[in-house]
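Please read the following as a short walk through one protein model. The sequence and the structure come before the explanation.

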Amino acid sequence: MSASLLKRIKSHRHYPELSKFAVVGGMGYASDVIVFNVLRSTTSLGPISAKALSLTVSIVVSFIGNRQWTYRERASNAGSAKIPMQGLIFVGVTVIGMGIQMAFLGFSHYVLGFTSLLADNISGNLLGMAVATAFRFWGYRTWVFRHTPPGATEPAAAVPGQAVPVEEAPAPEAPERDTAHAPEARVRVGGEDGPAYERSVPRPRDPAGTDR
């Protein structure tokens, strides 16, 4: 790998997160292998029981590592109250990733007919692992450790039986009458005994702005 390509990779905005994710993933994988072999060599557990326990330890190690290191800022913004929910979603994303890896292995072995040990390793531990790892990386940052801006708060839920204050909109003000620019009206003044003549008087406007 050339120095320029390595520099471009390190300058990518997701590189710190990806590198931490890879380290935590390696720790989880190592814990899975170590615990499995210890249980198989020192206890009377069968392979399925030993693998179930080792995978449980691996998931716990991965969750703690990702929460406390890889996605530390996101996890701290979410607070400690969401740890149980985050743990459940984390397990769900991890199980789906394992299913993706198993699907690659099963498709290659049983559908395509590549039954050699090399083919199983390529399909399960290379291609399947790559796709499953990409899915887990996306799933953890999208569903488990979601980005929450600092100081953002969720709207308070309404309490049954308690009135919710509603801001009232201000009442519209009635428009003032414009008598200075109102058109003039001709009024007939005078009567029966005297001469009749007309004079101009301002015509008032109604609140709607139309002439009466």
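With which residue does Lys-51 form a salt bridge? The partner is Asp-32, and the closest N and O atoms of the pair are 3.1 Å apart. Side chains of opposite charge can pair when their charged atoms come close. Lys-51 lies in helix α3 and Asp-32 in helix α2, so this pair ties together parts that are 19 residues apart in sequence. The two partners differ in how they are covered. Lys-51 is partly exposed, with a relative accessible area of 32%. Asp-32 has a relative accessibility of 8% and counts as buried, because buried means under 20% relative accessible area.

The model in view is a predicted one. Its overall layout comes next. The protein has six helices and two strands. Read from the N terminus on, the elements run α-α-α-α-α-α-β-β. There are 212 residues in the protein, and buried residues make up 22% of them. The protein exposes about 15600 Å², and carbon and sulfur atoms supply 63% of that area. Contacts along the chain can also be sorted by sequence separation. Among contacts between residues at least 6 apart in sequence, 54% join residues at least 24 apart.

The structure holds two salt bridges. Besides the pair already described, Glu-17 forms a salt bridge with Arg-141. The closest N and O atoms of Glu-17 and Arg-141 are 2.7 Å apart. Glu-17 lies in helix α2 and Arg-141 in helix α6, so the pair ties together parts that are 124 residues apart in sequence. Both Glu-17 and Arg-141 are buried. For Glu-17 the relative accessible area is 14%, which is why Glu-17 falls under the 20% limit for buried residues. Leaving aside neighbours within four places in sequence, Glu-17 is in contact with Arg-141 and also with Thr-70, Tyr-71 and Phe-137.

Attention now turns to the open spaces. The largest pocket has a volume of about 850 Å³. Of the 28 residues that line this pocket, the closest to its centre are Tyr-29, Asp-32, Leu-55, Gln-101 and Met-129. Asp-32 is thus one of the residues closest to the pocket centre and also the salt-bridge partner of Lys-51. Which elements give two or more residues to the lining of the largest pocket? They are α2 (15-42), α3 (47-70), α5 (83-111) and α6 (117-144). By residue type, the lining divides into twelve nonpolar, twelve polar and four charged residues.

Helix α3 also holds Ala-52. At 42% relative accessibility, Ala-52 counts as partly exposed, because partly exposed residues lie between the 20% and 50% limits. Ala-52 and Asp-32 are 20 residues apart along the chain, and their C-alpha atoms are separated by 9.5 Å.

Several residues of helix α6 complete the picture. Phe-135 has its place in helix α6, and at 18% relative accessibility Phe-135 counts as buried. The C-alpha atoms of Phe-135 and Gly-97 are separated by 6.5 Å, although these residues are 38 apart along the chain. Not counting residues up to four places away in sequence, Phe-135 touches Gly-97 as well as Val-93, Ile-96, Ile-100 and Trp-143.

Is Ser-123 buried or exposed? Ser-123 has a relative accessibility of 5% and counts as buried. Ser-123 is likewise found in helix α6. Apart from its neighbours within four places in sequence, Ser-123 is in contact with Phe-104, Leu-105, Ser-108 and Gly-128.

Ile-122 also has its place in helix α6. With a relative accessible area of 37%, Ile-122 is partly exposed, whereas Ser-123 counts as buried. Ile-122 and Leu-105 are 17 residues apart in sequence and 8.5 Å apart in space, C-alpha to C-alpha. Leu-105 thus appears here with Ile-122 and among the contacts of Ser-123.

How values were computed. Residues are numbered from 1 along each chain as its sequence is written. This is a predicted model: local features need pLDDT of at least 70, side-chain atom pairs count only at pLDDT 80 or more; totals for chains, interfaces and linings use all residues. Side-chain values use heavy atoms; hydrogens and water are left out. On a 1 Å grid over the protein atoms alone, a cavity is a set of points where a 1.4 Å probe fits but cannot get out, and a pocket is an open set with protein on both sides within 12 Å along at least five of seven lines; lining residues have an atom within 4 Å of a point. Grid points are joined across faces, edges and corners, and a volume is the space filled by probe spheres set on the points. Helices (H or I, at least four residues) and strands (E, at least two) are DSSP runs, numbered from the N terminus. Ala, Val, Leu, Ile, Met, Phe, Trp, Tyr, Cys and Pro count as nonpolar, Asp, Glu, Lys and Arg as charged, and the others, Gly among them, as polar. A salt bridge is a side-chain nitrogen of Lys or Arg within 4 Å of a carboxyl oxygen of Asp or Glu. Buried means under 20% relative accessible area, exposed over 50%, partly exposed in between (1.4 Å probe, protein chains only). Contact means heavy atoms within 4.5 Å. Accessible areas come from the Shrake-Rupley method with a 1.4 Å probe; for residues, only the protein chains shown count as cover.
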